Amino acid sequence: MNFNDLSIFENLESEVRSYCRGFPAVFHKAKDHKLWDLDGNEYVDFFSGAGALNYGHNNEKMKQALIQYLTEDGITHSLDMASKAKAEFLQSFNDIILKPRNLDYKTMFPGPTGTNTVESALKLARKVTGRTNVISFTNGFHGMTIGALSVTGNAFKRQGAGIPLNHSVTMPYDAYNGDTKAQLDYVKQFIDDNGSGVDMPAAFILETVQGEGGLNAASNEWLQGIEKICRERGILLIIDDVQAGVGRTGTFFSFEPAGINPDIVCLSKSIGGYGLPLALTLIKPEYDIWAPGEHNGTFRGNNPAFVAATAALEYWKDDTLEKSVQEKSKKITNFLQDMTKKYPELRGSLKGRGFMQGIACDVEGLAEDVAEKAFEKGLIMETAGAEDEVFKLFPPITIDDAGLEDGLNRLEAAIEATVK
Ligand code: PMP
């Protein structure tokens, strides 16, 4: 049987697939920042499984931990029973991540994916406050299930539900380089003024950098202002760090530079380390109010994912990785600045921060053309933003200098070929 044939996907797979169209190759092997298709073509990965592969593909440290675990018949599926792998993960997460950052959270496993942690956060915030409304922000993306979609600010994605999605109000996100104070005053007025018709919300939910929504990065001042608005009114602050977390912006949690202390934090994607499904909902202890069985599910915690996730936490025992991400981020920024100068045809502006940066092109379809050309040059990357106006650099955070340079060179070749 010839598996190197995209017609299998045309004939047998549902029409819902999307990345299959963006990257028309049949992938077979992957290591660190590289992938290979069945024809043996090599690709540099500036996509990182949409953020699930911050430590690259088949990361050697995690692979060895998994091999050992499976060789010893470690339990794979155990619902939410107590297991050694889960205990080790919880202890390591507390000791390596939470304690040094003075964060006090209970960890809950809401289900396998990002949308599960968002659903649990929305549900818990409503139970805690007894309120229904949730404030979300323009261009935010929080997942595809009904609750997560109801707080997602993307008209096309919302259409997937086919019905109006209630119980959430969308407000303008920061990062339109506007007047932060005026924006915050507007949010306050909107909530406090009965004339707005908006019910006092249970929670605000937001990303500090909007991964899907175009790499809009909120300022620290705006985040602090939003936190203050929440504190003054008993509204819960939910930070969705599913994409921006786990080192992507240069610190483990993306909100660290703002010095805020969210009530609930959503983590998934790279928390599993090896691309294995795992999601965490971090809850301030006073909001840990669910009785056993009020929120459960079959795949709440997957032991091989715990094993890989615990091995991944080793990277956070010192600041080597954080420093490296911060240094390399500057290289990415410099490179993107050069690109906007060298190729004015892009009509480009820089977006994002850390290892989630890109260029917004003020020419319709151009960012998508660059991403398509990049694929021809052996570089995997995607676009972001409501109009797909941003091409998005999303390499593994463990990429070495040579790998990063290789990817950037391929990207420049793609830009040149697109605009010339
Ligand atoms: N929140 C954010 C910020 C995301 O980027 C995503 C996925 N792109 C999700 C939630 C949903 O995660 P999942 O696709 O694993 O359900």
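How far is an oxygen atom of the ligand from an N or O atom in the side chain of Thr-113? The separation is 3.5 Å, which just fits the definition of a polar contact (a pair of N or O atoms within 3.5 Å). Before we go on, keep in mind that this is a predicted model, where local features need pLDDT of at least 70, side-chain atom pairs count only at pLDDT 80 or more, and totals for chains, interfaces and linings use all residues. Residues are numbered from 1 along each chain as its sequence is written, and side-chain values use heavy atoms, with hydrogens and water left out.

Let's stay with the ligand. An oxygen atom of the ligand lies 2.9 Å from a polar backbone atom of Gly-114, and one is 2.7 Å from an N or O atom in the side chain of Gln-243. Taken alone the ligand exposes 390 Å², and the protein buries 82% of that (areas by the Shrake-Rupley method with a 1.4 Å probe). The residues around the ligand (a heavy atom within 4 Å) include Phe-141, His-142, Glu-207 and Lys-269.

Now let's turn to the helices (DSSP runs of H or I, at least four residues). Helix 14 spans residues 401-419 and reaches 27 Å from its first C-alpha to its last. Among its buried residues (under 20% relative accessible area, 1.4 Å probe, protein chains only) are Leu-404, Leu-408, Leu-411 and Ile-415. Helix 12 and helix 13 are among the elements that cover them.

Helix 13 holds Glu-376. Glu-376 is exposed, with a relative accessible area of 56%, where exposed means over 50%.

Methods: Helices (H or I, at least four residues) and strands (E, at least two) are DSSP runs, numbered from the N terminus. A polar contact is a pair of N or O atoms within 3.5 Å; within protein, one must be able to donate a hydrogen and the other to accept it, and residues adjacent in sequence count only if both atoms are side-chain atoms. The expected span of a helix is 1.5 Å times one less than its number of residues. Contact means heavy atoms within 4.5 Å.
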